[in-house]
Structure formats: structure tokens, C-alpha cells
Amino acid sequence: MARMLPLSIPKLFIFSLFSSFSVILATGEDHGYVRTLDRKLIGLKKEKYSHIHFYWHDTVSGRNATAIQIVPPGSNFNATFFGATYMIDDQMTAGPELSSKLIGRAQGFYALSSQEEVSLLMAMNFAFIEGKYNGSTITVLGRNSVFTKVREMPVIGGSGLFRFARGYVQARTYTFNSITMDAIVEYNVYVLHY
């Protein structure tokens, strides 16, 4: 009967290193909680680039307000209304008139986030209700310096047809009523998605 000889430490080390390297090559890098997936296995197709254009109606005044204050300005109240926070359910329409075709709603909140200027932290979902995008959302989180002509904010994700979305939005004030604080803002959304 043949007797097995014990492996020497250097041979065991080389064998273990080779075995580990082979396993890593076969399965990809695995940290136990993260793994690389084949995009086809989770239904991701070729990436698309889309441009979406609409008007956002922020109505603070009247009986049918779509933006309501949920947090008042801080105790160090100043001209920028620093700290005031509004919950929104604003209409998104194809044209600047409120009576134009409704394509979705902007839902989320914005907060006045600067003590120096009128600047908003905006966190909202563009929830689409029209056509093939019905039920899909685009999520925006960013800084909106209100009196800048064109503002850019990042697209940080989405759902439905905009799953794994990334890109940016450009916002331009179309009209602003300084008495009622109501605004219509033109949005151009540039988004990469699957």
C-alpha cells in the first residue's frame, strides 16, 4: 500500500494560491455581499438616451395648492426663508398652460437651503402617467439656485422604463408671480436608461 507523503509548507502554499486564483477566475470577484451580474440576466437591454420636455406648475397659493409648507423658516428668519420646506405634488404638462396635456406629477419636497441667496434643495420624482412611460419615474436630487437663468440638477435614478437612469435636468423659470409665489418652470430632462 502506497503511503501518502505530507505536502511541504511551500508546496501547500503554492497549491492553495493556485486553487484560489483558479476559483477567482472562474467566478469573478466575490466579497460575500457584492457580486457582478450579467445585465441580460436582470432584463437590461441596450442603453438609450432620451430627452423629455415639460412644464412644472408649482402652485403655492389658493385652494388647490400643489405645494404646501410643512416646515416654517428657522428662528433666524431672513429674506431667503432659510429652512422653509414644502411638500409638492406639482403637475407636469406638455405646454406652459395648466390646461395643456398632463403627462405626470412632480412629487417630493424642496427646502430653502441657503442663508445667502434663494436656493432650494430639491428631492423629487417625476412620476409619468402618459403613454409607454405610464408608471415610470425619474428621480432628481440637487441644488436649484432659483434666480439663475438655467439650473442643472442630477438625475440619480428611476423606476419602470427609467430603471438605472442617470443624467441631468435643466430648469428655466417660465413665469413667477412674486405676490402668490406660484411658478411655472420649463424642464428639459436628459437621461441615459435601459
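Leaving aside neighbours within four places in sequence, Thr80 is in contact with Leu112, Ser114, Gln115, Glu116, Glu117 and Val118. This is a predicted model. Thr80 itself sits in the loop between strand E2 (67-71) and strand E3 (85-93). Is Thr80 buried or exposed? Thr80 is buried, because its relative accessible area is 6%, and buried means under 20%. Its side chain also has a polar partner: a polar atom of that side chain lies 2.9 Å from the backbone oxygen of Ser114.

**Overall layout**

The protein chain has 1 helix and 9 strands. From the N terminus on, the order of elements is α-β-β-β-β-β-β-β-β-β. Of the 194 residues in the protein chain, 34% are buried. Its accessible surface comes to about 12700 Å². Carbon and sulfur atoms account for 61% of that surface. Contacts between residues at least 6 apart in sequence include many longer links: 47% of them join residues at least 24 apart.

**The nonpolar core**

In soluble globular proteins, nonpolar side chains tend to be buried together. Here, the largest nonpolar core has 31 residues. Which residues have the most contacts inside it? They are Phe54, Trp56, Met124, Phe126, Ile138, Tyr187 and Val189. At least two core residues come from each of strand E1 (48-58), E3, strand E4 (102-112), strand E5 (119-128), strand E6 (137-145), strand E7 (151-159), strand E8 (166-176) and strand E9 (183-193).

Ile138 gives a view from inside this core. Beyond its neighbours within four places in sequence, Ile138 is in contact with residues including Ile52, Met124, Phe126, Phe128 and Val155. Gly157, Gly158, Phe162, Val189 and Val191 are also among the contacts of Ile138.

**Two hairpins**

E7 and E8 pair in the antiparallel sense over 5 bridges. Within this pairing, Met153 stands opposite Val169 in E8. The hairpin of E7 and E8 has 6 residues between the strands. There, Gly160 takes a positive phi near 65°.

E8 also pairs with E9. These two strands run antiparallel and are joined by 10 bridges. Phe176 stands opposite Ala183 in E9. The hairpin of E8 and E9 has 6 residues between the strands, and Met181 takes a positive phi near 70°.

**Salt bridges**

Side chains of opposite charge can pair when their charged atoms come close. The structure holds 4 salt bridges. Three of them are listed here, including the distance between the closest N and O atoms.

| Pair | Closest N and O atoms |
|---|---|
| Arg166 and Glu47 | 2.4 Å |
| Arg105 and Asp89 | 2.9 Å |
| Glu117 and Arg143 | 2.4 Å |

Arg166 forms its salt bridge with Glu47. This pair links distant parts of the chain, 119 residues apart: Arg166 is in strand E8, and Glu47 is in the loop between helix H1 (9-27) and E1. Arg166 counts as partly exposed at 39% relative accessibility. Glu47 is partly exposed too, at 30%.

Arg105 forms a salt bridge with Asp89. Arg105 lies in strand E4 and Asp89 in strand E3, 16 residues apart. Asp89 counts as partly exposed because its relative accessibility is 30%.

Glu117 forms a salt bridge with Arg143. Glu117 belongs to the loop between E4 and E5, whereas Arg143 is in strand E6, 26 residues apart. Glu117 is partly exposed, with a relative accessible area of 32%. Arg143 is partly exposed at 47% relative accessibility. Glu117 also appears among the contacts of Thr80.

Definitions and conventions
Residues are numbered from 1 along each chain as its sequence is written. This is a predicted model: local features need pLDDT of at least 70, side-chain atom pairs count only at pLDDT 80 or more; totals for chains, interfaces and linings use all residues. Side-chain values use heavy atoms; hydrogens and water are left out. Helices (H or I, at least four residues) and strands (E, at least two) are DSSP runs, numbered from the N terminus. Buried means under 20% relative accessible area, exposed over 50%, partly exposed in between (1.4 Å probe, protein chains only). A polar contact is a pair of N or O atoms within 3.5 Å; within protein, one must be able to donate a hydrogen and the other to accept it, and residues adjacent in sequence count only if both atoms are side-chain atoms. Contact means heavy atoms within 4.5 Å. A nonpolar core is a set of buried Ala, Val, Leu, Ile, Met, Phe, Trp, Tyr and Cys residues joined through side-chain atoms within 4.5 Å. Two strands pair if DSSP finds at least two bridges between them. Accessible areas come from the Shrake-Rupley method with a 1.4 Å probe; for residues, only the protein chains shown count as cover. A salt bridge is a side-chain nitrogen of Lys or Arg within 4 Å of a carboxyl oxygen of Asp or Glu.
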